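Visitor: I am new to this structure and would like a close look at a single part. Could you walk me through one sheet and what packs around it?

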Amino acid sequence: MKYRSSTIKSKWTKTQWLLKDSYIKKYIPITLPFNKKNLSSMLADYTTVFFKPTNGSGGNNIIRISKTAGGYQTQLNTTKKSYSTTTQLYRDLNRFAGTRPYLLQKGIRLAKSNGKPFDVRVMVQKTKQGTWTSTALFTKVGNPKKVATNYNQGGTIGTFHNTMNGAKFSSAFTPQLESDLKRLGVAVGKNFDRNYKGFKELGLDVAIDSKGKAWILEVNTRPQIYPLKALKDKSIYKKILSYGKQYGRYK
């Protein structure tokens, strides 16, 4: 069966959809199109800003911009550069972007599990009856030296509860967060349906900050699930596939 689920690449389009919903809006970090004015205002307000390709995937070409005592520092993968002015920084970023559109997003200080930053993937899928359900939560545990937590950026896949056990939150926090994220996943599914037809699955990348607040970093309309094969427990992978078979997701 052919894969049947709508896909939307533009992170900016998807962010605008989410911001229309008052419930979801509070989970969205400040995100703006990249230009000189927006770069200056974001850096005036935040100590860390992420420079992300609007149509990118897999954590590729994401640059972290951090304020320093002498100006700014960028990091792409493990490569760092320093700048003394926003003009110099903008010129370099603009050259890097070329003709590709980029976004600026407020940096979230990720919570850590056993010393490593992580975020949560919330997998949301449609049932045969056409209703959204959050089928799985798992984590992407990052390489502390890299900018993104993604599997193909050197991150590892973890189970939600094991990762949360390694983070310093109270025992009551994890089940509450799990419930909140599942509810959020369904709300995002309904939001996407109001804006465009044909979605069967979504993958929310959710950052948990050091205070325990959840932030939607982005919503993937064709989320990768193959890294789940690396988990010893194959039940999450099998559950996602059992839903996915109805819309052609066999791999």
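Guide: Here is a walk through the sheet, the helix beside it and a loop residue. Please keep in mind that this is a predicted model.

Let's start with the sheet itself. It is open and built from 6 strands, which follow the order 1-6-2-3-4-5 with antiparallel pairing. At its edges you will find strand 1 (31–33) and strand 5 (79–83), each of which pairs on one side only. From one strand to the next, the twist averages 25 degrees.

To see one pairing up close, look at strand 3 (residues 63–68) and strand 4 (residues 71–76), which are joined in the antiparallel sense over 6 bridges. Within this pair, isoleucine 65 stands opposite threonine 74 of strand 4.

Now turn to helix 1 (residues 11–19), which packs on the sheet. Helix 1 touches strand 1, strand 2 (48–53) and strand 6 (102–106), and its direction makes about 135 degrees with that of strand 1. Which residues of helix 1 are buried? They are Lys11, Lys14, Thr15, Trp17 and Leu18. These residues sit on the same side of helix 1, because they cover an arc of only 160 degrees around the axis. In an α-helix there are 3.6 residues a turn, so residues three or four places apart point the same way. The buried residues of helix 1 pack against strand 1, strand 2 and strand 6, and also against helix 2 (22–25), helix 6 and strand 12.

Next, follow the chain to phenylalanine 34, found in the loop between strand 1 and helix 3 (36–45). Is phenylalanine 34 buried or exposed? Its relative accessibility is 14%, so phenylalanine 34 counts as buried; the cut-off for that is under 20%. Leaving aside residues up to four places away in sequence, phenylalanine 34 touches Leu39, Phe51, Tyr90, Leu93, Asn94, Tyr102, Leu103 and Leu104. Proline 53 is 19 residues from phenylalanine 34 in sequence, and their C-alpha atoms are 9.4 Å apart in space.

Finally, a word on the nonpolar cores. The largest has 32 residues, and those with the most contacts inside it are Val120, Leu181, Val188, Leu204 and Ile216. Helix 1 is among the elements that give two or more residues to this core, while helix 6 provides the largest share, 7 residues. A second, separate core of 15 residues includes Met42, Ile63, Leu93 and Tyr102. You have already met Leu93 and Tyr102, as both are touched by phenylalanine 34.

How values were computed: Residues are numbered from 1 along each chain as its sequence is written. This is a predicted model: local features need pLDDT of at least 70, side-chain atom pairs count only at pLDDT 80 or more; totals for chains, interfaces and linings use all residues. Side-chain values use heavy atoms; hydrogens and water are left out. Two strands pair if DSSP finds at least two bridges between them. Helices (H or I, at least four residues) and strands (E, at least two) are DSSP runs, numbered from the N terminus. Axes are lines fitted to C-alpha atoms, for helices over the stretch in contact, and angles run from 0 to 180 degrees between N-to-C directions. Contact means heavy atoms within 4.5 Å. A nonpolar core is a set of buried Ala, Val, Leu, Ile, Met, Phe, Trp, Tyr and Cys residues joined through side-chain atoms within 4.5 Å. Buried means under 20% relative accessible area, exposed over 50%, partly exposed in between (1.4 Å probe, protein chains only). The arc is that of the directions from the helix axis to the C-beta atoms.
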